[in-house]
Amino acid sequence: SPDGGENTRLMSKDGEEGLKIRAWITQHVAERILKTSIDNAFEEANRGGLCMQETDMTLNVRLEISRRELYGLNVVGQLDGSVGNNEHVILTSHHDHLGAIERNGEKIIYPGAVDNASGVGKLLELATYFAAMKSQARCCKRKLVVITPTAEEAVLLGSSYYADHPLLPLAQCAAVLNIDGMNVWGPTTDSVGIGSERSTLGDILARAAREEGQRVAPDPAPEQGLFFRSDQLPFARKGIPAMKITHGFSFTNHEQDIDEYLNATVWDYNRNVYHQPVDTYEYLHQQEDPYSGAEQEFKVGARVLFDLLVRGFSPKWMPGDPFARFSS
């Protein structure tokens, strides 16, 4: 991989390894190779016309490669619906993190409390909530399939495998909701759905947020491509409307010092805690209000799921969205 670490991929059924070498290049070099701008290449890709091109460049590479096989498990559960067919909604939250790493003879453990034990906890609570509703005959028309994929941190391998080998036909999947982490920094007046603008899931989210006294805010960092970096992506590539529900950034108790508070909490987490050994249960409980924001996220997520599972709403891709062409 570019940093000299491991490069992980799924092994194909026939044992074919795919590309022998993969690497990062800069935008400047890419444009020299393609003989066009990156913007033009993206536009062509979105139209479905971008194909492999032979170039006049050669590359000489000498590498020493060691290889090992790793095994992971996706955990899948199902809550039956009343319709009697395989119509379903998928709820995901990855259970892996970076594990333990040997460095200078020392074993360093990455607990991954916020990313993503907290997300799995929220998934389990939502599943428990709808199972309780089902026991009271208040749910559900569609089936609820809950998945905790493995190897999300290794380029979404677990969710990609499930999307290629589903237990129920994906043609009968109405939507995918993904959870990655939870808000441990306090209540907000807004909610965010990464990818919500791509489909009418955005309308369902807006209604759910409004019923919880919130508004929907846009993706705060679209340049980071967050929609393409979590487990909703493999399902979107199969044509299923998908989004990741996450928190907003207008913290209710810090309207007067919001920039300072964000810097001391969310941005500090991104800089110093995310994917570090200090992402621990203790970190979570050092925050001034670690559960009120998480409760908001739970309620909004439950309302979105209720519309999908009980009311039977069927989201559609927005016209012209690149993923719409994969939809049946």
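## The largest cavity

Leu91, Lys122, Leu126, Leu177, Ile179, Ile245, Glu297 and Gly301 form the lining of the largest cavity. Keep in mind as you look around that this is a predicted model. The space these residues enclose comes to about 70 Å³, and it belongs to a set of 2 cavities of 30 Å³ or more in the structure.

Sorted by class, the lining of this largest cavity has 5 nonpolar residues, 1 polar residue and 2 charged ones. Helix 3 (113-135) and helix 10 (292-309) are worth finding on your screen, since each of them supplies at least two of the lining residues.

## The second largest cavity

Now for the other one. The second largest cavity holds about 40 Å³ of space. Its lining is made up of Asn183, Thr188, Asp190, Ser191, Gln214, Ile245, Thr246, His247, Gly293, Gln296, Glu297 and Val300. Strand 7 (190-194), strand 9 (242-247) and helix 10 are the elements that give two or more residues to this lining. Helix 10 contributes the most, with 4 residues.

What is the make-up of the lining of the second largest cavity by class? There are 8 polar residues, alongside 2 nonpolar and 2 charged.

## Where the two linings meet

If you would like a place to start exploring, try Ile245 and Glu297. Both residues are found in the lining of the largest cavity, and both appear again in the lining of the second largest. Helix 10 is another good guide: it supplies at least two residues to the lining of the largest cavity and 4 to that of the second largest.

Terms used: Residues are numbered from 1 along each chain as its sequence is written. This is a predicted model: local features need pLDDT of at least 70, side-chain atom pairs count only at pLDDT 80 or more; totals for chains, interfaces and linings use all residues. Side-chain values use heavy atoms; hydrogens and water are left out. On a 1 Å grid over the protein atoms alone, a cavity is a set of points where a 1.4 Å probe fits but cannot get out, and a pocket is an open set with protein on both sides within 12 Å along at least five of seven lines; lining residues have an atom within 4 Å of a point. Grid points are joined across faces, edges and corners, and a volume is the space filled by probe spheres set on the points. Ala, Val, Leu, Ile, Met, Phe, Trp, Tyr, Cys and Pro count as nonpolar, Asp, Glu, Lys and Arg as charged, and the others, Gly among them, as polar.
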